[in-house]
Amino acid sequence: VSKAPSVRRAPLLYRLVLWLAWPARERRAQSAELEQMFLHCVAESRRRRGWPGVVLAWLRGMADAMGAGIFAWAELFAARGRMNGGRSMGRLSLSGIPRELVSDVRLAARALVRDRLFTATALLTLLVCLAANAAIFSIVRSVLLKPLPIPEADRIVLLSNIYPRSGPPRTGPGASGTSAPDYFDRLEGMTVFEEQATYQRLSASVELADGVERTVALRATPSFFALVRARPLRGTLFREQDGEFDAAPRAILSYGYWQRAFGGEEAVIGRDVRINGVAFHVIGVLPRDFQFIWNDVDLWLPLGFAPALRADSRRHSNNWNMIARLKPDATVAQAQAEVDAINARPLERFPQFRSIIIDSANLLLVRSAGRVREMAIRQTLGAGPLRLGRQLLTETTFLTLLGGVLGIAAAW
Amino acid sequence: MRNLPEHWFHILLAVADQARHGLGIIQEVSASTNGEVQLWPGMLYVALRRLADGGLVAEADPPASFESGGGRPRFYRITAAGRKASAAEARRLAQLVATARAKRILRGT
């Protein structure tokens, strides 16, 4: 006698597919059993083929759940059609839809199987884009939507120069944003900011006792630490004069780097460390939980500007990122107005991500050109434009759904 | 009658000796084919609905010894029509095997 199914639930993703693809009542009646069977199939596949088996079982199982969901919908429509008098009441009656829907889906599947290269390309595109989007979203979430681990982070704004007539704006905390002369103009002209700072991410070669190590450094104006309200764990942070371009080089270590490269030694403060060939005097260590956007920054170096960089001719050398802290009552709109008054360039705070839909639509467009003959034959055989259009729509939907599931699976 | 799809035949064989629920059918089919045939939940759901519509299987009471671990799975058993259909399919396959043997494709056993 078979063993009783346990009450374990399948992972959320599988339940999501059931929820999306199945009519509600039938899903409620079947989902417990379907989930048990799916878990069994995944476990079985894993036992036989290891981790690749798990991935295959997931893909297969989700496609399987979607297919059965379509069947359940078709049954539901057919049952409703029977209740409506047992006979189809013209082309568009409810009972007429399921058979055509089923045949549309079948045609779509057949066309996609026949044109494997196209299907693979489209699915791969959707998969990569969706996975990338999910990955980007998690980055966007951690960078933009989740508050920075900085006190009153909602008052911190990012300033980027954009050029409306030269393509989409490149903005964001990592994209280059401001030129040195702009920074100094704003230091003088902005009244709504409490503090302003620029920074620049760069790679650094650090000469340690046991060799040279490459890591990431952030050059920042001394005002940066006041702006983000950081305090040193050991030693001190930069003073105003460390930001002079000809000041003696000083460095601050992240907690992690202090532990990793110097074993948490107190004596490292006051020592010289050669970074990119220059001796930097270590003056402090940041607290363990201090983080600004990137979690891989190990070293903090002072950023100063030589007079040549501040010249007007460098107004478009947007090589630095600029942030500012608004005064308590000031708004972004006020800051915008002031910046506009200073240089008449717009301010953009958030990047936009959109690429999937356009990519895939282009592919389908290219393909439709190659299918004129097939359409002509169908039309000759009596398929109306509505029917042809619906078939193409079904095909596209089918492909998109499949790509969506794969994309979610890839991002999982 | 048209040929039975292969997985329908497997399902009919699985419920030929005793009533089974979905997971039981998957396990039985997998066990009796050394894991060669793997049924998937949705595929099984569709097949059982079709088989029941065609009168080849029928819903059955759970065996007395069945203990539910939550939920109430449906059990299925084979019907007389189902037996007839699978016997016909088995004969068709046996005929095929006999032909293969006669043509010396298959030797021994």
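Accessible areas are computed by the Shrake-Rupley method with a 1.4 Å probe. The structure is a predicted model.

**Exercise 1.** State what area chain B exposes and what share of it carbon and sulfur atoms supply.

*Solution.* The exposed area of chain B is about 6,400 Å². Carbon and sulfur atoms account for 52% of that area. Burial is a separate count: a residue is buried when its relative accessible area is under 20%. By this cut-off, 41% of the 109 residues in chain B are buried.

**Exercise 2.** Describe the secondary structure of chain B and the sequence range of its contacts.

*Solution.* Chain B has 4 helices and 3 strands. In sequence order they run α-β-α-α-β-β-α. Next, take the contacts in chain B between residues at least 6 apart in sequence; 54% of these link residues at least 24 apart.

**Exercise 3.** Identify which elements build the largest nonpolar core, and examine B:I25 within it.

*Solution.* The largest nonpolar core holds 48 residues, and A:Y14 and B:I25 have the most contacts inside it. Two or more residues come from each of α1 (12-21) and α2 (24-83) in chain A, and from each of α1 (6-14), α2 (22-32), α3 (41-53) and β3 (75-78) in chain B. The most is given by α2(A), with 15 residues.

Now turn to B:I25. With neighbours within four places in sequence set aside, B:I25 contacts B:I11, B:A14, B:V15, B:R20, B:L39, B:L44 and B:L48.

Finally, a second core of 26 residues is separate; A:V216, A:F224, A:L286 and A:I293 are among its members. In soluble globular proteins, nonpolar side chains tend to be buried together.

Note on methods: Residues numbered from 1 in each chain as written. Chains lettered and ligands numbered in written order. Predicted model: local features only at pLDDT ≥ 70, side-chain atom pairs only at ≥ 80, totals over all residues. Heavy atoms only, no water. Core = buried A, V, L, I, M, F, W, Y, C linked by side-chain atoms within 4.5 Å. Buried < 20%, exposed > 50% of the residue type's maximum accessible area, 1.4 Å probe, protein only. Contact = heavy atoms within 4.5 Å.
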